[in-house]
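Dear colleague,

I am passing on the structure we spoke about, and below it I have set out what was found in it. Please read the notes with the structure open beside them.

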Amino acid sequence: MELISQDINNSFLWDIDREVYRNRFESIEHAAKDTVKYCRKNYHELLKDLDIKFLANGTPEIPWEDWYQAKYDKVPAGL
């Protein structure tokens, strides 16, 4: 989360977290559906801010592990 939160507007994460918290007593399936339903714009903006492209089938163009490593490698020493 630290890597992700450095590059994006944190209000997107706050809105998603708030919706997840609101659904904390529901099933995972129900909570997931609600977060997509009520936070669709936030997810869209979050993915846009993460600067990762997706193929038509929803698979990222580069594996998440490679994306993460590239972001991690750019973090200044000491952080």
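**Asn 42 and the helix pair around it**

Leaving aside residues up to four places away in sequence, Asn 42 touches Ser 11, Phe 12, Asp 15 and Ile 16. Please keep in mind throughout that this is a predicted model. Asn 42 is found in helix α3, and it counts as buried because its relative accessibility is 10%, where the cut-off for buried is under 20%.

The contacts of Asn 42 belong to a wider meeting of two helices, in which Ser 11, Phe 12, Leu 13, Asp 15, Ile 16, Glu 19, Val 20 and Arg 22 of α2 come up against Asp 34, Thr 35, Tyr 38, Cys 39, Asn 42, Tyr 43, Glu 45, Leu 46 and Asp 49 of α3. By residue class, this contact of α2 with α3 divides into eight nonpolar, three polar and six charged residues. As for the geometry, the axes of helix α2, which covers residues 10–22, and of α3 come within 9 Å and cross at roughly 155°. Angles over 145 degrees count as roughly antiparallel, and α2 and α3 are therefore roughly antiparallel to each other. The crossing of these two helices, α2 and α3, is left-handed.

**Thr 35**

A second residue of this contact that I would ask you to look at is Thr 35, whose place is in helix α3, residues 28–49. Thr 35 is buried, because its relative accessible area is 4% and the cut-off is under 20%. Its side chain has two polar partners to inspect: the side chain of Thr 35 reaches the backbone oxygen of Ala 32 at 2.9 Å, and the side chain of Thr 35 also makes a polar contact with the side chain of Tyr 43, at 3.2 Å. When residues up to four places away in sequence are not counted, Thr 35 touches Ile 16, Glu 19, Val 20, Arg 40 and Tyr 43.

**Ala 32 and Glu 2**

Ala 32, which offers its backbone oxygen to the side chain of Thr 35, is likewise found in helix α3. With a relative accessible area of 39%, Ala 32 is partly exposed, whereas Thr 35 is buried. Between the C-alpha atoms of Ala 32 and Gly 78, which are 46 residues apart along the chain, the separation is 36 Å.

Towards the start of the numbering, Glu 2 lies in helix α1, residues 2–7, and it counts as exposed because its relative accessibility is 60%, the cut-off for exposed being over 50%. The C-alpha atoms of Glu 2 and Tyr 43, which are 41 residues apart along the chain, are separated by 17 Å.

**The protein as a whole**

Stepping back from the single residues, the secondary structure of the protein comes to four helices and zero strands, and the pattern read along the sequence is α-α-α-α. Taken along the principal axes, the box that the C-alpha atoms fill is roughly 40 × 35 × 20 Å. Of the 79 residues of the protein, 23% count as buried, and Asn 42 and Thr 35 are among the buried residues. Finally, of the contacts in the protein with a separation of 6 or more, 45% are accounted for by residues 24 or more positions apart.

With kind regards

Note on methods: Residues are numbered from 1 along each chain as its sequence is written. This is a predicted model: local features need pLDDT of at least 70, side-chain atom pairs count only at pLDDT 80 or more; totals for chains, interfaces and linings use all residues. Side-chain values use heavy atoms; hydrogens and water are left out. Buried means under 20% relative accessible area, exposed over 50%, partly exposed in between (1.4 Å probe, protein chains only). A polar contact is a pair of N or O atoms within 3.5 Å; within protein, one must be able to donate a hydrogen and the other to accept it, and residues adjacent in sequence count only if both atoms are side-chain atoms. Contact means heavy atoms within 4.5 Å. Axes are lines fitted to C-alpha atoms, for helices over the stretch in contact, and angles run from 0 to 180 degrees between N-to-C directions. Angles under 35 degrees count as roughly parallel, over 145 as roughly antiparallel, 65 to 115 as roughly perpendicular and the rest as oblique. A crossing is left-handed if the near helix is turned anticlockwise from the far one by less than a right angle, and right-handed if clockwise. Ala, Val, Leu, Ile, Met, Phe, Trp, Tyr, Cys and Pro count as nonpolar, Asp, Glu, Lys and Arg as charged, and the others, Gly among them, as polar.
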